[in-house]
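Biologist: I should like a close look at one part of this model, with its side-chain contacts set out in turn. Please state the terms as you use them.

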Amino acid sequence: MKPPVKLPVENLAKEPYATILCYPHTKPEEIDSRISELKSLGVNLVEFTGNSLAANVPVIGKGYVGIVIIAYLTNRNEPLALKIRRLDSGRENFFHEAEMLQKANNVGVGPKFVAVTKNFLLSQFINGDFLAKWLENHKDVVSFRRVIADILEQCWWLDMSGLDHGELSKAPRHLIVDNKLGVSFIVDFETASIQRRVANVTSVCQHLFVGNNIIPRLIWETMGEKNREHIIDALRNYKKEKSRENFETLLQACI
Ligand SMILES: Nc1ncnc2c1ncn2[C@@H]1O[C@H](COP(=O)(O)OP(=O)(O)O)[C@@H](O)[C@H]1O
Ligand SMILES: [Mg+2]
């Protein structure tokens, strides 16, 4: 991994950082206004580090809507996650995502919302690994149970609040486990909605226990083979009636 580079926001006007600020192509007329927008948020420093690359520079994450880097507010040492709207994102702004993230925060889910403007979303930075990598590095039943129960519990709270995340079934990139605390975070509320039928618990169970990806395999290797039929039955009941009782039966079947 390349060493981290910390810069004042003014330096984002220079390449290769300008390309990241206006990903995927630098747009001269956009640079100054984006830098002013960052200053209006109180951001004075940004940091380029992480396991993803954008314009050959390390960043925390790269999706189709945004590039995520670390940012610091004036007089504060705490690193924050800064999501930068891509010019080719097909989204007008981050206001919907910010509203959904705040609704999730109201039930204790997601990185804490900090601030939003048209092109930037600031939130708590989760220093951790994607769930699959975390599972690979912690092959121990007690930790697995704790982390999985916590993820399901968070999804239950989202279901109860009427907020559907929307990208939990096919989303190994949206579950991050904080390295120090061993706590899971659901990220990216970009496609979240309060209009759709909620399917957070069912989607995440599909992804963790039923689907054909690496995560069910990792879970079974450590926790022993699960009775899939049992989980699918419990899922079906929960889908019919989202009661706490049905949720707990499902939780038991899973862990
Ligand atoms: N608050 C955060 N803390 C740490 N990493 C984050 C945070 N938010 C997003 N990321 C990382 O950045 C990646 C891209 O962010 P995401 O919100 O998923 O963008 P997109 O909407 O473009 O998919 C995520 O997959 C995740 O790895
Ligand atoms: Mg994403």
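Modeller: In this predicted model, Asp164 is buried, its relative accessible area being 7% (buried means under 20%, exposed over 50% and partly exposed in between, with a 1.4 Å probe and protein chains only). Its carboxylate meets the side chain of Arg196 in a salt bridge, 2.9 Å from N to O (a side-chain nitrogen of Lys or Arg within 4 Å of a carboxyl oxygen of Asp or Glu). Arg196 belongs to the loop between β12 and α6 and Asp164 to the loop between α5 and β11, so the contact ties together parts 32 residues apart in sequence; helices (H or I, at least four residues) and strands (E, at least two) are DSSP runs numbered from the N terminus. Arg196, at 37% relative accessibility, is partly exposed.

The same two loops also supply the ligands of a metal. His174 (NE2) and Asp188 (OD) coordinate the magnesium ion (ligand 2) at 2.1 to 2.2 Å. His174 lies between α5 (141–161) and β11 (175–178), and Asp188 between β12 (184–186) and α6 (200–210), so this pair joins parts 14 residues apart in sequence. Donors are N, O and S atoms within 2.8 Å of the metal (3.2 Å for Na, K and Ca), and sites may look incomplete because water is not among the atoms. Both His174 and Asp188 are buried. Asp188 also takes part in a network of salt bridges with Lys83 and Glu97.

Residues are numbered from 1 along each chain as its sequence is written, while chains are lettered from A and ligands numbered from 1 in the order in which they are written. Local features need pLDDT of at least 70 and side-chain atom pairs count only at pLDDT 80 or more, whereas totals for chains, interfaces and linings use all residues; side-chain values use heavy atoms, with hydrogens and water left out.
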